[in-house]
Amino acid sequence: MTQFYGKTKICYGEDSLETLEHVPAKQAFIVTDPFMVKVGFADRVKSHLDRAGIPHHTFDGVEPDPSLEVVTKGAKLFLRDEADLIIALGGGSPIDAAKAISFFAHKARTDKPKPTLVAIPTTAGTGSEVTAISVVTDKVNEVKIPLNDELLIPDMAILDPRFTRSLPSHVTAATGMDVLTHAIEAYTSRQANAFTSIYAKYAMRYVFEYLHRAYVNGDDMEARSQMLVGSCMAGMAFNNSGLGITHSVAHSLGGIFHIPHGLANAVLLPHAIRFNSFDAGIRYQEIARMLGMPAETVEEGVESLIKAVIELNESMGIPTQVRGLKIEEKAYRDHMDVVAKNVLEDICTEGNPRRPSHGDVKLLLEQCW
Ligand SMILES: [Zn+2]
């Protein structure tokens, strides 16, 4: 059986935040981080709740890579407030935290309906506003706990480009390349289907058309808006299709060398395309054709796509090799076996079109250096 699941109501545009005034709720609980409060973004959300007469409480304790401790604390406060609406405001971390808080609070309060979960992303981005995934970190035992459950999918996503306007250009670049990686990996995944492919294709188009514009001019609201839509579409795709080895390697290198997720994906993506080109060449050729690149043959399509990704990276100051990320060569080589092991165990490798061996992954890591 093939299936596609998409339940989130998506509202987008510069007036989309107003929709908060029409969400039926008695008590709201806003999950965010201290930065969102400092720059006044949380106040924007609150003003709409005030206008609708919905009482609210703000939990701004979310740190990057939200911990189990923070999620537990948030769930307790949510239950104490007897809230029925959770609003996630921020990048991937507050959204992941809010999803987990909603999940645990619902499990602890089964006699009441599941709280309504609204996600407002402030980067374009993770696509977390429409996915069933949340990663919580057990900081005591130093392990990441990936949650994957349909209950985690937000009921509503609000894509307001005004929240991404002030993002620094390097963050715009890295998070935007994460979108492209989601879309390309979803399109070439072993679990791709007709529906995921449509979302993935449009997301790629949007990135190639609008990411560089958003990078050079953060106030380009059309570009900001379309990147949020592209990010959301890529999320719809990979939530159903899974991802691939670019993400598996980025997860491991990111954990060891503390490289931002989007930046790691950006550097690795062209190498992963070449790595997979024997198994997914036709899919890469299709992408190149769709984007109007030379793609008469499979080989030409693959080369065109690799070149386009590298050029997009270079136009935003992103290096083409891992050594450009200020990692020491010895440390990188010393970790190759561990990284290869992690990659083979990573859930994203299941979607990868090529079934790699430990040695294959080490070769890929060699090429990425
Ligand atoms: Zn990603």
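The protein chain falls into two parts, domain 1 at 9–163 and domain 2 at 169–368, with bounds that come from an automatic or database domain assignment. Before I go on, please keep in mind that this is a predicted model, in which local features need pLDDT of at least 70, side-chain atom pairs count only at pLDDT 80 or more, and totals for chains, interfaces and linings use all residues. Residue numbers run from 1 along each chain as its sequence is written.

The C-alpha centres of the two domains, domain 1 and domain 2, are 27 Å apart. Across the boundary, 18 residues of domain 1 are in contact with 20 residues of domain 2, where contact means that two C-beta atoms, placed from the backbone, lie within 7 Å. On the side of domain 1 that touches domain 2, β1 (9–12) and β8 (156–159) each supply at least two residues; helices and strands here are DSSP runs, H or I of at least four residues for helices and E of at least two for strands, numbered from the N terminus. By class, that side of domain 1 has nine nonpolar, seven polar and two charged residues, counting Ala, Val, Leu, Ile, Met, Phe, Trp, Tyr, Cys and Pro as nonpolar, Asp, Glu, Lys and Arg as charged, and the others, Gly among them, as polar.

What lies between the domains? The largest nonpolar core has 111 residues, of which V31, I86, I87, I101, A183, A203 and A237 touch the most other members. By nonpolar core I mean a set of buried Ala, Val, Leu, Ile, Met, Phe, Trp, Tyr and Cys residues joined through C-beta atoms within 7 Å, and buried means that 20 or more other C-beta atoms lie within 10 Å of a residue's own, as against 12 or fewer for exposed and anything in between for partly exposed, with the C-beta atoms placed from the backbone. Helix α9 (residues 261–290) gives the most to this core, with 13 residues. Domain 1 and domain 2 both contribute residues to the core, so it lies between them.

Let me turn to the helices, beginning with α6 (residues 194–216), whose 23 residues should span 33 Å at 1.5 Å a residue and whose end C-alpha atoms are 34 Å apart, which agrees; the expected span is 1.5 Å times one less than the number of residues. There is nevertheless a kink of about 40° in α6, centred on Y210, the bend being the angle between axes fitted to the seven residues ending at a position and the seven starting there. The buried residues of α6 include T196, Y199, A203, Y206 and Y210, and what covers the buried residues of this helix includes α5 (169–188), α7, α9 and α10 (298–315). Leaving aside neighbours within four places in sequence, A203 is in contact with V179, A183, G230, M233, A234 and A237. By contrast, E209, also placed in helix α6, has 14 C-beta neighbours inside 10 Å and so counts as partly exposed.

Helix α7 (residues 221–241) has 21 residues and reaches 30 Å from its first C-alpha to its last, close to the 30 Å expected. Of those 21 residues, 18 are buried, so α7 is largely enclosed by the rest of the structure. G242 follows α7 and has a positive phi, near 80°.

Helix α5 has 20 residues and reaches 29 Å between its end C-alpha atoms, close to the 28 Å expected, and α5 is mostly covered, with 17 of its 20 residues buried. Within α5 sits A174, which is buried, with 22 other C-beta atoms within 10 Å. Outside its neighbours within four places in sequence, A174 is in contact with P260, G262, L263 and A266.

Finally, a word on backbone angles in two loops. Most residues other than glycine have a negative phi. Which residues other than glycine have a positive phi here? E82 is one of them, with phi near 50°, and H258 is another, at about 55°. E82 is in the loop between α3 (68–81) and β4 (85–90), and E82 is exposed, with 11 other C-beta atoms within 10 Å. H258 is in the loop between α8 (245–257) and α9, and with 9 C-beta neighbours inside 10 Å, H258 counts as exposed as well.
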